[in-house]
Amino acid sequence: MRGLVLGGGLAGTLAAAALAEHCDNVMIVERDRMPSGPVPRGVPQSRHVHNLMSSGARAIDDLLPGTIDDLVAAGGQRIDVPRRLVSHALGTWNRPYASNQTFVSASRPLLDFLVRQRALAGGRLEFVQGTDVIGLTGGADRITGAVVRDRESRRSSELAADFVVDATGRSSATPGWLTELGVPAVPEERFGVGIAYASRTFEAPPGADPEFPVVNIAPDPRFDRYSRGGVLMPVEDGKWIVTCAGLPGGEPPTDEDGFMAFARNLSHPLLADLMAGATPLGPVAGHRTADNRRRRYDTVQPWPEGFVVVGDAASAFNPVYGHGMSVAARNALSIRNGLRRHGDAAGTARIIQASVTAGGLDAWQLAVGQDTRSEQRLADETPDLKTRLLYAYADRMAAVARGRQELFALQLDVYTLTSPASRVFSPRAVLGTLLGPVDPPLLEPPLASSERRVLDPL
C-alpha cells in the first residue's frame with residue numbers, strides 16, 4: 001500500500017506518520033524546502049505563540065512515542081496549568097489551584113522539526129520538496145493520486161497512491177478539484193470577522209525563573225468591543241514569545257512603540273511591564289487570519305475512496321484559542337485508528353472523514369461561540385433572548401470559576417479539548433455556577449516572589 005500526503009506541515013507530517021503504520025511508503029509533497037534544523041521556513045504563523053494542549057500532546061506521543069520528551073529535552077516546557085498560569089479576566093486573576101492540565105510550550109519551528117525527525121526515523125516517509133500540488137487524479141468514486149509541479153523546473157507529473165491525504169491548510173483547493181472529478185459540491189460554514197495579531201520574541205530578563213508562568217491578559221467583553229488581549233509564553237533557550245491580538249479596528253500595531261502601547265492598554269498592563277524588562281530578539285511580526293471556516297466533507301455523498309482531508313484544510317479556527325495543532329494531531333489519530341479498524345474496506349475513507357470532523361467539533365463550537373459574540377459586538381447587534389441567556393450563563397461561569405476550584409478545572413478540561421464542551425452544561429457545572437465563588441476574588445497577579453523580581457529587580 002502506498003500513501004501520499006499533500007502538505008508537509010505539522011498536520012501533514014502527523015498524517016503521514018499515521019499512514020506509515022499501514023503503508024510500505026508514504027510520500028509527502030511540500031511546496032517549501034524543509035530546513036535542516038529548528039528554524040522558520042517562511043510560514044508566517046511560525047513567529048507567533050503556539051500552545052499545544054494536553055489532548056494534542058497525548059495524540060502526538062501516541063502516534064510518535066517520545067516526541068514530547070524530545071521537545072522538553074530540547075528546551076520546550078511542560079507547563080502545569082493553572083499552577084503556572086497567570087491569567088487576568090473580568091477584572092480578577094486566577095488562583096494557582098492544584099494542576100490538572102498541561103500546556104506544552106515551544107517555538108513552532110522546534111516543534112515541527114522534532115515531529116519531522118521522529119516521523120522520518122521510521123524509514124517509510126519521503127519528502128518531495130519544492131513542489132506544488134495542482135490537482136487530484138482519479139474520479140468521483142476513488143482518488144488515485146495527485147498532479148504536482150516542481151517549482152524550479154515547472155515540470156508537472158502524476159504521483160499515484162492507494163490513500164491520499166490533503167493537509168495543505170486554509171489555501172486547500174480540494175473543493176474545486178473534487179468538483180472537476182464529479183464529486184458533489186462541498187458545503188462550507190464560515191463565522192467571525194477574522195483577527196489580526198502581532199508577536200515579538202524576547203530574551204527573558206536576567207534571573208527570571210526557568211519555570212516562569214504563562215501570562216494571559218484576556219479580552220474584557222464588558223469594555224472592549226475589539227476583543228483585545230495578549231499572552232506571554234515561555235519557550236526554549238530562556239526566551240519569551242509575546243503575542244497580542246485584536247479584531248478589525250483594534251489590531252495590534254507592528255512598530256515597537258505601538259506594540260508596547262497596545263499591551264499597556266489592555267485590561268491590565270502586566271504584559272507591557274514584563275516586556276519592559278526583557279531584551280527584544282527581533283522586530284514585531286504581524287499576521288492576519290480570516291474567519292473560522294469548516295468544510296463539511298463529512299456530508300458529501302458519495303465520498304471517494306482513498307481520500308481524506310485534515311487540519312486547516314478541513315476546519316480552520318481563530319488561532320487565538322490555540323486549538324489548531326491539537327485538532328491536527330487528533331485528525332491523524334482518526335486516520336490511524338480508522339485504518340486499523342477497517343483497513344482498505346469500502347467506506348473506510350468516509351468513516352475517517354466523519355471522525356476528522358467530529359474530532360474538531362468542540363474546538364469549532366468554542367471558536368464560533370466566542371467569535372459570533374465578538375462579531376455581534378462589533379456590529380452593535382442585539383442577540384435574541386436565548387443567546388443573551390447563554391452569554392449571561394457563560395459570563396457567570398467565567399466569573400465564578402475564578403473563585404471555585406472545581407469549576408475552573410472543568411473549564412480547563414474543556415479548553416484543552418480533554419472533555420467535551422457539553423460539560424459546561426452538566427448539573428455539577430450549573431450548580432457550581434449558581435452557587436457562586438468559594439474563594440474571594442484575587443486582585444493582584446499570583447506571581448511568586450522570584451517572578452516579581454522580574455518586574456522590580458531592585
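Where is Arg154 found? Select Arg154 and look: this residue sits in the loop that joins strand E10 (143-150) and strand E11 (156-160). Before going on, keep in mind that what you have open is a predicted model.

**Stop 1: two loops with a positive phi**

Stay on Arg154 for a moment. Its phi is positive, about 65°, although Arg154 is not a glycine. Most residues other than glycine have a negative phi. Is Arg154 buried, exposed or partly exposed? Its relative accessibility is 47%, so Arg154 counts as partly exposed.

Now pick Ser227, in the loop between strand E15 (214-217) and strand E16 (229-235). Ser227 also has a positive phi, near 50°, and is not a glycine. This time the relative accessibility is 11%, so Ser227 counts as buried.

**Stop 2: Tyr226**

Step back one residue to Tyr226, which lies in the loop between E15 and E16. At 23% relative accessibility, Tyr226 counts as partly exposed, because the buried class ends at 20%. Which residues does Tyr226 touch, leaving out those up to four places away in sequence? Show Gly246, Leu247, Pro248, Gly249, Gly250 and Leu378 to see them. Try a distance label too: the C-alpha atoms of Tyr226 and Gly249 are 6.8 Å apart, while 23 residues separate the two along the chain.

**Stop 3: two cis prolines**

Next, select Val81 and Pro82. The peptide bond from Val81 to Pro82 is cis, with omega near 10°. Pro82 belongs to the loop between strand E4 (77-81) and strand E5 (85-89).

Then jump to Gln301 and Pro302, where the peptide bond is cis as well, with omega near -5°. You'll find Pro302 in the loop between strand E20 (292-295) and strand E21 (307-309). For background, most peptide bonds are trans.

**Stop 4: the nonpolar cores**

Time to look inside. How many residues does the largest nonpolar core have? It has 71, and those with the most contacts inside it are Leu4, Leu14, Leu19, Leu178 and Ile335. Helix H1 (residues 10-20) supplies the largest share of this core, 9 residues. Apart from this core lies another one of 27 residues, including Phe212, Val215, Cys244 and Ala278. In soluble globular proteins, nonpolar side chains tend to be buried together.

Zoom in on Leu14. Setting aside residues up to four places away in sequence, Leu14 touches Ile60, Leu63, Leu64, Val115, Ala329 and Ala332.

**Stop 5: H1 against H4**

Keep H1 on screen and add helix H4 (residues 108-120): the two pack at an angle of about 20°, with axes 10 Å apart. Angles under 35 degrees count as roughly parallel, so that is the label for H1 and H4. Their crossing is left-handed. On the H1 side, select Leu10, Thr13, Leu14 and Ala17; on the H4 side, select Arg108, Leu111, Asp112, Val115, Arg116 and Ala119. Colour this contact by class and you get 6 nonpolar, 1 polar and 3 charged residues.

**Stop 6: H11 against H13**

Finally, show helix H11 (residues 385-401) and helix H13 (residues 427-435), which pack at an angle of about 75° with their axes 9 Å apart. That makes H11 roughly perpendicular to H13. H11 brings Tyr393, Arg396, Met397 and Val400 to the contact, and H13 brings Ala429, Val430, Gly432, Thr433, Leu434 and Leu435. Coloured by class, the contact of H11 with H13 shows 7 nonpolar, 2 polar and 1 charged.

Key
Residues are numbered from 1 along each chain as its sequence is written. This is a predicted model: local features need pLDDT of at least 70, side-chain atom pairs count only at pLDDT 80 or more; totals for chains, interfaces and linings use all residues. Side-chain values use heavy atoms; hydrogens and water are left out. A nonpolar core is a set of buried Ala, Val, Leu, Ile, Met, Phe, Trp, Tyr and Cys residues joined through side-chain atoms within 4.5 Å. Buried means under 20% relative accessible area, exposed over 50%, partly exposed in between (1.4 Å probe, protein chains only). Helices (H or I, at least four residues) and strands (E, at least two) are DSSP runs, numbered from the N terminus. Contact means heavy atoms within 4.5 Å. Axes are lines fitted to C-alpha atoms, for helices over the stretch in contact, and angles run from 0 to 180 degrees between N-to-C directions. Angles under 35 degrees count as roughly parallel, over 145 as roughly antiparallel, 65 to 115 as roughly perpendicular and the rest as oblique. A crossing is left-handed if the near helix is turned anticlockwise from the far one by less than a right angle, and right-handed if clockwise. Ala, Val, Leu, Ile, Met, Phe, Trp, Tyr, Cys and Pro count as nonpolar, Asp, Glu, Lys and Arg as charged, and the others, Gly among them, as polar.
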